[in-house]
Amino acid sequence: MDTKSLLFISGITGFIGTSLLMNNKITNKFEIIGCSSSKNYKLTEEKLVEISSEKMEKYLNQANEIRLLHLATFFSMDKEDDEKVNAANLTFGINLLEKLQNLPIKKIIYINTIFTLSDEKEILNSKYVHTK
């Protein structure tokens with residue numbers, strides 16, 4: 001790994017994650033790795049390549065400086081999805097922060113766009129909001 005800072009993106013294959021990867025100002029400034037749906041990725045020559053968990057650990061442990069961009073989320077208002085919402089948001093978030101806690105994190109950026117879709121008051125009391 002060269003002297004670029006490492007940018008770790010959770011939700012790298014989602015809408016915002018893939019949009020960011022098209023921005024040369026970001027891709028030229030950072031070494032980029034990320035995860036999405038239990039898979040790990042590295043940006044190589046403007047293309048996401050799936051990498052192993054061991055390779056992901058290697059990139060994280062060799063980094064001099066890490067920035068975390070946390071975009072990953074799962075949204076549902078269906079009560080039947082409450083366990084999935086909890087696992088995908090709360091449990092994943094806790095596990096991610098525990099994995100990174102002893103690494104040189106310079107900045108954490110958390111983005112949640114759910115309220116750009118709707119102003120429904122019921123979302124405020126949903127399981128989803130409680131997991132974020």
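This passage walks through the fold of a single chain, from the overall layout down to a few individual residues.

The structure is a predicted model, so everything below describes a computed picture. The chain has six helices and six strands. Reading along the sequence, these elements come in the pattern β-α-α-β-β-β-α-β-α-β-α-α. Out of 132 residues, 36% count as buried. As for the outside, the accessible surface comes to about 8500 Å², and carbon and sulfur atoms account for 50% of that. Contacts also reach well along the sequence: taking those between residues at least 6 apart, 65% join residues at least 24 apart.

Now for the sheet. Six strands make up an open sheet with mixed pairing, and their order is E4-E3-E2-E1-E5-E6. At its edges sit E4 and E6 (residues 105–110), each of which pairs on one side only. Going from one strand to its neighbour, the turn is 25° on average, ignoring direction. The mixed pairing is easy to see by picking out a few pairs. E2 and E3 run antiparallel and are joined by four bridges; here Gly 34 stands opposite Tyr 41 of E3. E1 and E5, on the other hand, run parallel, with five bridges between them. In that pair, Ile 9 has Leu 69 of E5 as its bridge partner. E5 and E6 are parallel too, again with five bridges, and Ile 66 is partnered by Ile 105 in E6.

Strand E5 deserves a closer look. How many of its five residues are buried? The count is five of five, so to speak a mostly covered strand. In a regular strand, side chains alternate between the two faces of the sheet. E5 shows two such sets: Ile 66, Leu 68 and His 70 point one way, while Arg 67 and Leu 69 point the other way, and all of them are buried. Even the arginine and the histidine of this strand, Arg 67 and His 70, are among the buried residues.

Two helices that pack on the sheet can be described next. Helix H3 lies across E1, E2, E3, E4 and E5, and it runs at about 140° to E2. Helix H4 also packs on the sheet, where it touches E1, E2, E5 and E6, and its direction makes about 180° with that of E5. Together, E5, H4 and E6 make a right-handed β-α-β unit.

H3 covers residues 53–62, and its buried residues are Met 56, Tyr 59 and Leu 60. Why do these three end up on the same side of H3? They cover an arc of only 95° around the axis, and that puts them together on one side. Turn to the other side of H3, and Glu 54 and Asn 61 are exposed. The buried residues of this helix have plenty of partners: they pack against E1 (5–10), E2 (30–36), E3 (39–44), E4 (47–51) and E5 (66–70), as well as against helix H4 (82–100).

The last stop is a run of serines around the end of E2. Ser 36 lies in strand E2 itself. With a relative accessible area of 12%, Ser 36 falls under the 20% cut-off and is therefore buried. Leaving aside residues up to four places away in sequence, Ser 36 touches Gly 11, Ile 12, Thr 13 and Tyr 41. That tyrosine, Tyr 41, is also the residue that stands opposite Gly 34.

Ser 37 and Ser 38 are another story. Ser 37 is found in the loop between E2 and E3, and Ser 38 has its place in that loop as well. Are these two loop serines buried or exposed? Ser 37 has a relative accessible area of 68%, which is over 50%, so it counts as exposed. Ser 38, at 81%, is exposed too. The backbone here is also a bit out of the ordinary. Most residues other than glycine have a negative phi. Ser 37, though not a glycine, has a positive phi of about 50°, and Ser 38, likewise not a glycine, has a positive phi of about 65°.

Notes. Residues are numbered from 1 along each chain as its sequence is written. This is a predicted model: local features need pLDDT of at least 70, side-chain atom pairs count only at pLDDT 80 or more; totals for chains, interfaces and linings use all residues. Side-chain values use heavy atoms; hydrogens and water are left out. Buried means under 20% relative accessible area, exposed over 50%, partly exposed in between (1.4 Å probe, protein chains only). The arc is that of the directions from the helix axis to the C-beta atoms. Contact means heavy atoms within 4.5 Å. Two strands pair if DSSP finds at least two bridges between them. Axes are lines fitted to C-alpha atoms, for helices over the stretch in contact, and angles run from 0 to 180 degrees between N-to-C directions. A crossover is right-handed if, with the strands pointing away from the viewer, the path from the first strand over the helix to the second runs clockwise. Accessible areas come from the Shrake-Rupley method with a 1.4 Å probe; for residues, only the protein chains shown count as cover.
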